[in-house]
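Biologist: Please show me the model. I have questions about its rings and one arginine.

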Amino acid sequence: MAASPTLEPSRFRLSLLYAVVFVEIGIAMPFMPVWLAALGLDASVIGLLLALPIATRIVATAPLMSLIDRGVGARALLLTGSLALAATYALMPAGAGISWPALALLVLLNAVAGAPLVPSIDYLTLAAVRRQPRLDYARIRMSGSVAFLIANLAGGALLTAMGETLAVPLLLTGLALIASVVAFTSRSVAAPAPEHAEGLRPRLPLRLKLCVAAAAAIQASHAAIYAFGSIHWTAHGFSTATVGALWGIGVVAEIVLFACVARLPAAWRTPFRYLALGGGAALVRAVGMYALGDTLPALVGLQALHGLTFGATQLGAMAAVSAFAPDGARGRAQGTLSAANATAAAGATLLSGFAYRAGGPLVFLAMAPLAVAGLALTAAAASRAAARVPATGQPPVAVRHDTDRQP
């Protein structure tokens, strides 16, 4: 059967949206700290400026995404956020020249502008998949991972050539403007207005809340390796090139999963099985990093597990939002997921600092309880969904969700 006329444009536009936003993230995440250091700021001020976006995402994401349920289009939110992101990046050098509090205000506004970007694209993608089941969320989302990897690899050389002090805010401003242009021209991916009774605010079902909590716990188990993986590896004599390659293995594994997951039987592509795969891999990775985190062959395998610890968990969370979020609350569900991930990651990162100082590699083992918590919450969500079968006569969640395909 031939693809519908809107199928390929939707896939291309959504993939492009992920790509341009993740290129910006792939530059900002590793190189914004370098730019702040180049300004000569005190380390404590740099720490504050880097913590502000995390705290802001925790507070701002869910309320901003809830605007979608009140009639604000996700594409409009994406466009407005990208323009505001560009403006704040452009003003940062001037703000830094005035004072660090002025720069902090711009960082705060920048974080508010960026908070709904990825959740908005996820919302648009899930809406498109529900309308056109032949679309594949994983394949579309894969473009973001590819773009992030390319930005990591090319960003260092590009910024060295341009000069860090000027290049970082200039490049990020340009990327945010490109994202706004792509959002503006992507009318074909606009989601229909949410349908719900006027004045009612649908509640998020418990099984969705349990899935969100499970995903947040599993994703938070990355905190130790994100914060101290490179430090631990270099302390054991691995070169910076080897450390970079280890990080690259994780992203490549994620890309491979997104590219191949649609080949699994549909019965395997449910929220609970995705989350269980992610949680189980996270548990193995936490124990393995503690026991074998200084052995290169083991590290290659442990880093390859990132395809499951992050990728399968992400797919499980998206499948849960798509399957369980009621109409009129899908924006809030997407925002709640993002806020929960940020909250759990911030807490786990803070605790990992104390754990690393106290026990070195024990910090990796300290992430195991988060993986176990994710598995327990997944089991509770599956049990809750199964308990609904007698009342509804419907299968628990083996219904079509965001990665199911139609012949």
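Modeller: What follows is a short exchange on ring pairs and Arg-269.
This is a predicted model: local features need pLDDT of at least 70, side-chain atom pairs count only at pLDDT 80 or more, and totals for chains, interfaces and linings use all residues. Residues are numbered from 1 along each chain as its sequence is written, and side-chain values use heavy atoms, without hydrogens and water.

Biologist: Is the pair of Tyr-18 and Phe-22 stacked or tilted?
Modeller: Phe, Tyr and Trp (its six-membered ring) pair if the ring centres lie within 6.5 Å; planes under 30 degrees apart are stacked, over 60 edge-to-face, the rest tilted. The centres of Tyr-18 and Phe-22 are 6.3 Å apart. Their planes meet at 40°, so the pair is tilted.

Biologist: How many residues apart in sequence are the parts that Phe-228 and Tyr-356 tie together?
Modeller: These two rings are stacked, at 4.4 Å centre to centre and 10° between the planes. Phe-228 lies in helix H9 and Tyr-356 in helix H14 (helices are DSSP runs of H or I, at least four residues, numbered from the N terminus). The pair therefore ties together parts that are 128 residues apart.

Biologist: Is Arg-269 buried or exposed?
Modeller: Arg-269 sits in the loop between helix H10 and helix H11. Buried means under 20% relative accessible area, exposed over 50%, partly exposed in between (1.4 Å probe, protein chains only). At 5%, Arg-269 is buried.

Biologist: Which residue has its backbone oxygen 3.0 Å from a polar atom of the Arg-269 side chain?
Modeller: The partner atom is a backbone oxygen. At 3.0 Å from the Arg-269 side chain, that oxygen belongs to Leu-264.

Technical notes
Helices (H or I, at least four residues) and strands (E, at least two) are DSSP runs, numbered from the N terminus. A polar contact is a pair of N or O atoms within 3.5 Å; within protein, one must be able to donate a hydrogen and the other to accept it, and residues adjacent in sequence count only if both atoms are side-chain atoms.
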